[in-house]
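Welcome! Take a moment to look over the sequence and turn the structure around before reading on.

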Amino acid sequence: MANHKSSLKRIRQTKVKNLHNRYYAKTMRNAVRKLRSLTDKEEAVKLYPSVQKMLDRLAKTNIIHKNKAANLKSSLCNHINNLA
């Protein structure tokens, strides 16, 4: 266990930040999953901007890597384009 006051504080801060990041990462995964499960093109096109915005925001704050966000956006765009 840590002995310094600063390291104890750092452990507390890390726990809070970890919980915060996990929540947003999980929310993002659920949104991506929801978009991928859609079969109606109009609905998917309507939902895509909000998911794209979420991915960009999470990449900007380093919750997910910027390349991962780009790859997800690209694959979602391809999914939407392939819908009938």
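## A place to start

Where is Asn62 found? Asn62 sits in the loop between α2 and α3. Please keep in mind as you read that this is a predicted model.

Asn62 has a phi near 60 degrees, a positive value in a residue other than glycine. Is Asn62 buried or exposed? Asn62 counts as exposed, because its relative accessibility is 66% and exposed means over 50%.

## The overall layout

The protein has 3 helices and 0 strands. If you follow the sequence from start to end, the pattern reads α-α-α. Helix α1 covers residues 5-37, helix α2 covers residues 41-60, and helix α3 covers residues 66-82.

What is the radius of gyration of the protein? The protein has 17 Å, whereas a compact globule of 84 residues would have a value near 12 Å. Along the principal axes, the C-alpha atoms fill a box of roughly 60 × 20 × 15 Å.

## Surface and charge

Now for the outside. The accessible surface of the protein is about 6600 Å², and carbon and sulfur atoms account for 53% of that surface. Of the 84 residues, 24% count as buried.

The protein carries 20 positive and 4 negative charges. The mean position of the positive charges lies 22 Å from the mean position of the negative ones.

## The nonpolar core

How many residues does the largest nonpolar core have? This core has 18 residues, and those with the most contacts inside it are Met28, Leu35, Val51, Leu55, Ile64 and Leu76. Each of α1, α2 and α3 supplies at least two residues of the core. The helix that gives the most to the core is α2, with 7 residues.

Leu76 is a good residue to pick out here. Setting aside neighbours within four places in sequence, Leu76 is in contact with Val32, Leu35, Arg36, Tyr48, Val51 and Leu55. Three of those partners, Leu35, Val51 and Leu55, are also named among the core residues with the most contacts inside the core.

## Contacts across the chain

Residues far apart in sequence also meet. Among contacts in the protein with a separation of 6 or more, 58% are between residues 24 or more positions apart. Met54, in helix α2, offers an example: Met54 and Met28 are 26 residues apart along the chain, yet their C-alpha atoms are separated by 6.9 Å. Not counting residues up to four places away in sequence, Met54 touches Thr27, Met28 and Ala31.

Lys73 belongs to helix α3. Why does Lys73 count as buried? Lys73 counts as buried because its relative accessibility is 18%, and buried means under 20%. Beyond residues up to four places away in sequence, Lys73 touches Tyr48, Gln52, Leu55 and Asp56. Leu55 is thus a partner of Lys73 and also of Leu76.

## The start of the chain

Finally, have a look at Met1, which is found in the segment before α1. Is Met1 buried or exposed? Met1 is exposed, because its relative accessible area is 84% and the exposed class is over 50%. Met1 still touches Leu8 and Ile11, leaving out residues up to four places away in sequence.

Notes: Residues numbered from 1 in each chain as written. Predicted model: local features only at pLDDT ≥ 70, side-chain atom pairs only at ≥ 80, totals over all residues. Heavy atoms only, no water. Helix = DSSP H or I, 4+ residues; strand = E, 2+ residues; numbered from the N terminus. Rg over C-alpha atoms; globule rule 2.2 N^0.38 Å. Buried < 20%, exposed > 50% of the residue type's maximum accessible area, 1.4 Å probe, protein only. Contact = heavy atoms within 4.5 Å. Areas by Shrake-Rupley, 256 points an atom, 1.4 Å probe, with all protein chains shown as cover. Lys, Arg positive; Asp, Glu negative; His and termini not counted. Charge placed at Lys NZ, Arg CZ, Asp CG, Glu CD. Core = buried A, V, L, I, M, F, W, Y, C linked by side-chain atoms within 4.5 Å.
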